[in-house]
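Reader: I'd like a close look at one small part of this protein and what surrounds it. Could you walk me through it?

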Amino acid sequence: SSKIESRLLYLGCYTERALDKDLSNNLLNELGDEYFPHFLRGLFDSRGTLSSSLKNVKIWGSLKSHYQFQKILLDKYKIDSRVDLNQNALTMERLKSIKIFLDLIYQDNSIHLNRKYDHYLEFLQFYAACPNPHLFK
């Protein structure tokens, strides 16, 4: 019902449609640099994955929001990503970009999904063992 939807939006729970609407109304600017990594971690925990090969990150959702995230990630954090039109996903495939992204979302955090955080720790070991991680894709 619309009453429940309104209450959930008030509490900060966004549907994809509402998220797109609010993104276009500068939600990302209102979050600021302090809260943006926590917002991204929430998206990653709910809609994202680090592949079992540890060589790509995907976050599924709407294309409109992905283009906005892609621009912010590149401009503010130098994270290279692409929007996968076939899967409606924001994808990161360069190991250096994956590391910057994961470090960003897991720095100064106290709330995360343990299985995804454990996968991040595996990635850190994998990344440290790569002789030239910047040469990967």
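Reader: In which loop is G61 found?

Author: G61 is in the loop between β2 (57-60) and α4 (63-77). Before going further, a note on what we're looking at: this is a predicted model, where local features need pLDDT of at least 70, side-chain atom pairs count only at pLDDT 80 or more, and totals for chains, interfaces and linings use all residues. Residues are numbered from 1 along each chain as its sequence is written, and side-chain values use heavy atoms, with hydrogens and water left out.

Back to G61. With a relative accessible area of 11%, G61 is buried (under 20% relative accessible area, with a 1.4 Å probe and protein chains only). Its C-alpha atom is 9.1 Å from that of L43, and the two residues are 18 apart along the chain.

Now for the strand just before that loop. β2 pairs with β1 (residues 48-50) in the antiparallel sense, over three bridges; strands are DSSP runs of E, at least two residues, and helices are runs of H or I, at least four, all numbered from the N terminus. Pairing here means that DSSP finds at least two bridges between the strands. One bridge joins L50 to V57 in β2. β1 and β2 make a hairpin with six residues between them, and L54 in the turn has a positive phi of about 65°. β2 also pairs with β4, again antiparallel, over four bridges, and here I59 has L90 in β4 as its bridge partner.

Both V57 and I59 turn up again around F101. Leaving aside neighbours within four places in sequence, F101 is in contact with L40, F44, V57, I59, L73, I79 and M92, contact being heavy atoms within 4.5 Å.

That brings us to the largest nonpolar core, a set of buried Ala, Val, Leu, Ile, Met, Phe, Trp, Tyr and Cys residues joined through side-chain atoms within 4.5 Å. This core has 29 residues, and F36, F44, L73, F101 and L102 touch the most other members. The elements giving two or more residues to it are α3 (27-47), β2, α4, β4 (89-92), α5 (95-106) and α6 (114-129). α5 gives the most, with seven residues.

Stepping back to the whole chain, the protein has six helices and four strands, in the order α-α-α-β-β-α-β-β-α-α from the N terminus on. Of its 137 residues, 39% are buried.

Technical notes
Buried means under 20% relative accessible area, exposed over 50%, partly exposed in between (1.4 Å probe, protein chains only).
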